[in-house]
Amino acid sequence: MTYPIERIRNFCIVAHVDHGKSTLADRMLQRTELIDARTMRAQYLDKMDIERERGITIKAQTARLPYKPLGDAADEYLLNLIDTPGHVDFSYEVSRALNACEGAVLLVDAAQGMQAQTMANLYLALEADLEIIPVLNKIDLPAARPDDVAREVASVIGGDADDVLRISAKTGDGVDAVLDAIVDRVPHPAGDPLGPARGLIFDSVYDAYRGTLVYLRVVDGELKPGSKIRLLATGFEGEIDDLAVYSPEETPIDALGVGEVGMFSAAIKEVSQAKVGDTVTLAGKGARDVEPLPGYREPLPMVFSGLYPVDSDDFPSLRDALDKLRLNDSSFTFEPETSAALGFGFRCGFLGLLHLEIISERLDREFDIPLVSTAPSVRYRVTLEHTTDPETGEPAVVEVANPQQLPAPNEIASIAEPTVDAMVLTPSEYVGPVMQLCEGRRGEMVAMDYLTEGRVELRYRLPLAGIITDFFDQLKSMTRGYASLDYHRGEYVDADLVRVDVLLNGEPVDAFSSIVHRDEAYAFGKQMTEKLKDLIPRQLFDVPVQAAIGSKIIARETIKAKRKDVLAKCYGGDVSRKRKLLEKQKEGKKKMKSVGSVEVPPEAFVSALRTAPARRDG
């Protein structure tokens with residue numbers, strides 16, 4: 001069925017993690033009778049096993065919902081839903097979805113109220129100039145505070161608390177009112193149905209049989225199967241083989257018109273040929289005159305980690321796997337690197353620690369490549385002492401993401417570390433512990449505001465390296481899960497940073513090196529040496545495990561040698577014979593130690609590198 005542009009609505013659902021986005025999407029699918037009770041399952045739009053296991057949305061998903069408002073027998077509307085993630089690490093997915101919509105349903109838990117990531121996603125929606133429909137979910141919970149939370153939402157977005165819709169996505173109560181509000185309040189798409197075809201690519205997925213599947217929102221004109229197309233940014237030209245929509249399963253369609261959201265395949269074999277944010281148009285003489293649509297600002301990685309295959313033979317497979325994942329998650333980067341301990345691998349950049357975990361798990365599950373990942377680090381800016389920039393004449397500045405790339409101390413004038421502007425929303429009774437946690441991570445308070453009775457917003461400038469490991473876990477633990485965190489990139493600030501190396505039998509192991517603040521170096525070194533003492537198997541000679549800053553040893557543990565009882569064959573006899581055997585064993589161990597090497601098993605790397613650096617949490 002073809003819908004006139006006046007009866008098309010494109011919207012997304014934005015919310016904090018676990019506020020019920022996927023559940024509301026499930027109820028909408030049922031209300032529009034796209035799924036019957038027999039095939040219905042929870043989190044229907046979440047396609048990946050990881051999403052279903054963790055209960056979070058990682059990839060934005062689309063669904064085409066035909067909806068006929070109650071009491072209106074004449075008109076049927078087409079609602080294009082894009083279900084978005086809620087975690088701060090996947091805010092790039094949210095920003096892409098917002099650019100394909102005209103409206104956003106702001107979903108807030110009636111028991112927990114506005115959370116930090118809800119606020120962050122709201123600001124993204126306001127920047128995209130979307131129509132905001134505020135909705136309270138979980139009003140059936142005993143702990144729900146619908147009146148208080150409605151006033152809180154109204155104070156943030158403006159308007160009256162009575163305008164905030166109240167629903168229970170679990171029971172389906174109030175879902176019709178949300179769909180009616182989308183029809184009434186979200187504007188229809190704007191575009192020229194008769195103009196040159198233009199579509200915005202907002203996502204893409206690699207399929208082993210059909211090549212790249214491209215998700216787009218048509219802005220002008222019309223696309224049909226068999227149409228010759230051109231991608232303006234990459235110059236790729238091909239013919240549309242399959243044109244489909246998701247309703248919610250893939251359904252072939254004859255044409256995609258203005259404002260509609262769908263998918264096409266065109267035998268795009270190279271993963272780099274279909275970039276998110278590119279413009280699709282019809283191939284031909286006029287293709288070069290078509291004005292590209294505004295694309296997306298590429299996200300900047302904040303956390304870096306080395307990914308190495310456990311089996312070195314898997315290195316080519318890992319490169320192919322990263323290429324394919326990069327296609328449908330362009331927010332992470334990778335480049336080859338080598339490690340003396342781990343062999344060939346890739347230095348990858350991620351938006352956060354959860355993003356790192358998800359990518360690693362997807363590589364293991366979807367491509368069957370077991371990995372060792374190095375400790376997460378951030379990108380530092382190092383000003384060199386005796387080197388100048390030939391263009392400006394100023395001291396040269398280099399960026400370092402791998403601790404092994406840090407220049408020698410005598411070549412460093414200063415090191416600057418990245419900071420984040422963090423927003424923490426917490427109940428007022430936990431303000432003290434939260435402040436203590438932030439200041440223990442070298443945080444600097446910027447502002448503190450009481451939003452409503454009992455809820456406080458704290459703003460801190462924190463070193464990024466201080467929050468990428470266990471900061472969020474500690475925050476949730478000390479506030480019983482009530483606090484929430486959101487952050488975005490801040491400025492670079494000079495800090496007293498040093499590289500701590502770990503030495504086994506006097507030889508540095510590059511995979512264990514880390515850049516830390518000088519005040520935290522001893523605690524980190526002691527923690528790593530104690531951990532490795534338990535993880536590395538005993539050798540035939542004593543193995544010293546040392547942590548060092550340059551040539552200065554700051555911590556040491558010793559892995560005791562295995563002992564062979566050379567006196568077992570001596571039953572009594574002269575003590576000099578026993579001493580002679582022990583001296584001979586001692587000489588042999590000394591020689592072995594001078595030429596021997598320590599084999600570190602892969603599981604020791606995995607366990608040691610998952611250890612978060614010690615922090616001064618007070």
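A cavity, in the sense used here, is a set of grid points where a 1.4 Å probe fits but cannot get out, and its lining residues have an atom within 4 Å of such a point. With that in mind, the predicted model can be explored from the inside, starting with its enclosed space. The structure holds one cavity of 30 Å³ or more. The volume of the largest cavity is about 40 Å³. Its lining is made up of T62, A63, R64, N80, L81, Y246 and V261. Two elements, β2 (61–67) and β3 (77–83), each give two or more residues to this lining. Of these, β2 provides the largest share, with three residues. Sorted by class, the residues around the largest cavity are four nonpolar, two polar and one charged.

A useful next stop is E250, which is found in strand β12, spanning residues 250–252. E250 has a relative accessibility of 34% and therefore counts as partly exposed, since that class lies between the buried limit of under 20% and the exposed limit of over 50%. Leaving aside residues up to four places away in sequence, the contacts of E250 are R210, A244, V245 and M263. One of these partners, M263, lies 13 residues from E250 along the chain, and the C-alpha atoms of the two are 8.8 Å apart.

Attention now turns to charged pairs. Side chains of opposite charge can pair when their charged atoms come close. In this model, 22 salt bridges are found. One of them joins the side chains of R166 and D147, with an N to O distance of 2.8 Å. This bridge connects distant parts of the chain, as R166 sits in strand β6 (residues 165–166) and D147 in helix α5 (residues 146–157), 19 residues apart. Both ends of the bridge have intermediate accessibility: R166 is partly exposed, with a relative accessible area of 34%, and D147 is also partly exposed, at 43%.

Another salt bridge brings together the side chains of R379 and E399, at 3.6 Å from N to O. Here too the pair links distant parts of the chain, with the two positions 20 residues apart: R379 belongs to the loop between β18 (371–373) and β19 (380–388), while E399 is in strand β20 (residues 395–400). R379 has a relative accessibility of 28%, so it counts as partly exposed. E399 falls in the partly exposed class as well, because its relative accessibility is 39%. The pair is also part of a wider arrangement, as R379, R381 and E399 are linked in a network of salt bridges.

A further example is the salt bridge between the side chains of R459 and E457, where the N to O distance is 2.7 Å. The surroundings of its two ends can be described in turn. R459 is partly exposed, with a relative accessible area of 29%, whereas E457 is buried, with a relative accessible area of 6%.

The final feature is helix α9, which covers residues 431–440. Its buried residues are V431, V434, L437, C438 and G440. Just after α9 comes a detail of the backbone that is easy to look for in the model: R442 takes a positive phi of about 65 degrees.

Notes:
Residues numbered from 1 in each chain as written. Predicted model: local features only at pLDDT ≥ 70, side-chain atom pairs only at ≥ 80, totals over all residues. Heavy atoms only, no water. 1 Å grid on protein atoms, 1.4 Å probe; cavity = no way out; pocket = protein on both sides within 12 Å on 5 of 7 lines; lining within 4 Å. Points joined across faces, edges and corners; volume = space filled by probe spheres on them. Helix = DSSP H or I, 4+ residues; strand = E, 2+ residues; numbered from the N terminus. Nonpolar A, V, L, I, M, F, W, Y, C, P; charged D, E, K, R; others polar. Buried < 20%, exposed > 50% of the residue type's maximum accessible area, 1.4 Å probe, protein only. Contact = heavy atoms within 4.5 Å. Salt bridge = Lys/Arg side-chain N within 4 Å of Asp/Glu carboxyl O.
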